[in-house]
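Good morning, everyone, and thank you for making the time. I would like to walk you slowly through one structure, so please have a look at it on the screen before I begin.

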Amino acid sequence: MPFLKRSLFIAMAFAVANVTLLGDALAETGRASWYSMRSRTASGERCDPGAMTAAHRSLPFGTRVRVENLKTGRAVVVRINDRGPYVGGRVIDLSRAAARSLGIVSTGTARVRLTVLAHS
């Protein structure tokens, strides 16, 4: 990630979560929630609750992110295809399938660590 882009992301992320650099990877911690909509995402795709996708405020569409539930240690890899979350204190909105894999469908939210794996 170019220096300026990384600096901007870090500055924006500090407003809502803790961000650290792990070598060349970004890690962000905060609360995750899930949503199930059936319309179009901000990227123009049709929302698929069964896909491993997520919404993030600033990561580019297509970015692959590892999301780890800090309470259980369960982790999934999702692809960013939407914008959000629009609730304060949350860092990512997961599809229903991703939330199910992390075990947070019944609780609605969980404290997670996001690690950026790759940009498209």
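I will start with the overall layout and the confidence of the model, then turn to the core, the salt bridges and one loop.

Please keep in mind throughout that what you see is a predicted model. The average pLDDT over the chain is 84, and 78% of the residues score at least 70. There is one stretch to treat with caution, namely residues 3-16, where pLDDT stays under 50. For that stretch the model has 20 contacts beyond four places in sequence.

Now to the layout. The chain contains two helices and seven strands, and if you follow the elements from the N terminus, you will read them in the order α-β-β-β-β-β-β-α-β. Of the 120 residues in the chain, 42% are buried. If we take the contacts between residues at least 6 apart in sequence, 67% of them join residues that are at least 24 apart. As for the outside, the chain exposes about 6200 Å², and carbon and sulfur atoms supply 55% of that area.

Let me move inside. In soluble globular proteins, nonpolar side chains tend to be buried together. Here the largest nonpolar core has 20 residues, and those that touch the most other members are Val65, Val67, Val78, Ile92, Leu94, Val112 and Leu114. Two or more residues come from each of β2 (25-34), β4 (64-69), β5 (75-82), β6 (90-94), α2 (96-102) and β7 (109-118). Which of these elements gives the most to the core? It is β7, with four residues.

Val112 is a good residue to click on if you want to see how these parts come together. Leaving aside its neighbours within four places in sequence, Val112 has contacts that include Gly30, Arg31 and Ala32, then Val67, Glu68 and Asn69, and also Val91 and Ile92.

While we are in this region, look at β6 as well, which is mostly covered, since four of its five residues are buried. The strand β6 also pairs with β3 in the antiparallel sense, over two bridges, and in this pairing Ala55 has Asp93 of β6 as its bridge partner.

Next, the charged side chains. The structure holds three salt bridges, and I will take them one after another. In one of them, the side chains of Arg79 and Glu45 meet at 2.7 Å, N to O. Arg79 lies in strand β5, whereas Glu45 lies in the loop between β2 and β3 (53-55), so this pair ties together parts that are 34 residues apart in sequence. Both partners are partly exposed, with a relative accessibility of 22% for Arg79 and 29% for Glu45.

The other two bridges have Glu68 as a partner. How far apart are the closest N and O atoms of Arg113 and Glu68? They are 3.1 Å apart, and this pair links distant parts of the chain, with Arg113 in strand β7 and Glu68 in strand β4, 45 residues apart. Through shared partners, the salt bridges join Arg66, Glu68 and Arg113 into one network. Within that network, the side chains of Arg66 and Glu68 meet at 3.4 Å, N to O.

Is Glu68 buried or exposed? Its relative accessibility is 17%, so Glu68 counts as buried, because the cut-off for buried is under 20%. Its two partners, by contrast, are partly exposed, with Arg66 at 33% and Arg113 at 31%.

Finally, please turn to the loop between β5 and β6, where Pro85 is found. Most residues other than glycine have a negative phi, and most peptide bonds are trans. The bond that joins Gly84 and Pro85, however, is a cis peptide bond, with omega at about -5 degrees.

Gly89 lies in this loop between β5 and β6 too, and Gly89 is partly exposed, with a relative accessible area of 41%. Although Gly89 and Arg31 are 58 residues apart along the chain, their C-alpha atoms are separated by 6.5 Å.

If you look back at the screen for one last time, I would suggest starting from Glu68, which is a contact of Val112 and which belongs to the network with Arg66 and Arg113. Thank you for listening.

Definitions and conventions: Residues are numbered from 1 along each chain as its sequence is written. This is a predicted model: local features need pLDDT of at least 70, side-chain atom pairs count only at pLDDT 80 or more; totals for chains, interfaces and linings use all residues. Side-chain values use heavy atoms; hydrogens and water are left out. Buried means under 20% relative accessible area, exposed over 50%, partly exposed in between (1.4 Å probe, protein chains only). Contact means heavy atoms within 4.5 Å. Accessible areas come from the Shrake-Rupley method with a 1.4 Å probe; for residues, only the protein chains shown count as cover. A nonpolar core is a set of buried Ala, Val, Leu, Ile, Met, Phe, Trp, Tyr and Cys residues joined through side-chain atoms within 4.5 Å. pLDDT is the predictor's confidence in each residue, from 0 to 100. A salt bridge is a side-chain nitrogen of Lys or Arg within 4 Å of a carboxyl oxygen of Asp or Glu. Two strands pair if DSSP finds at least two bridges between them.
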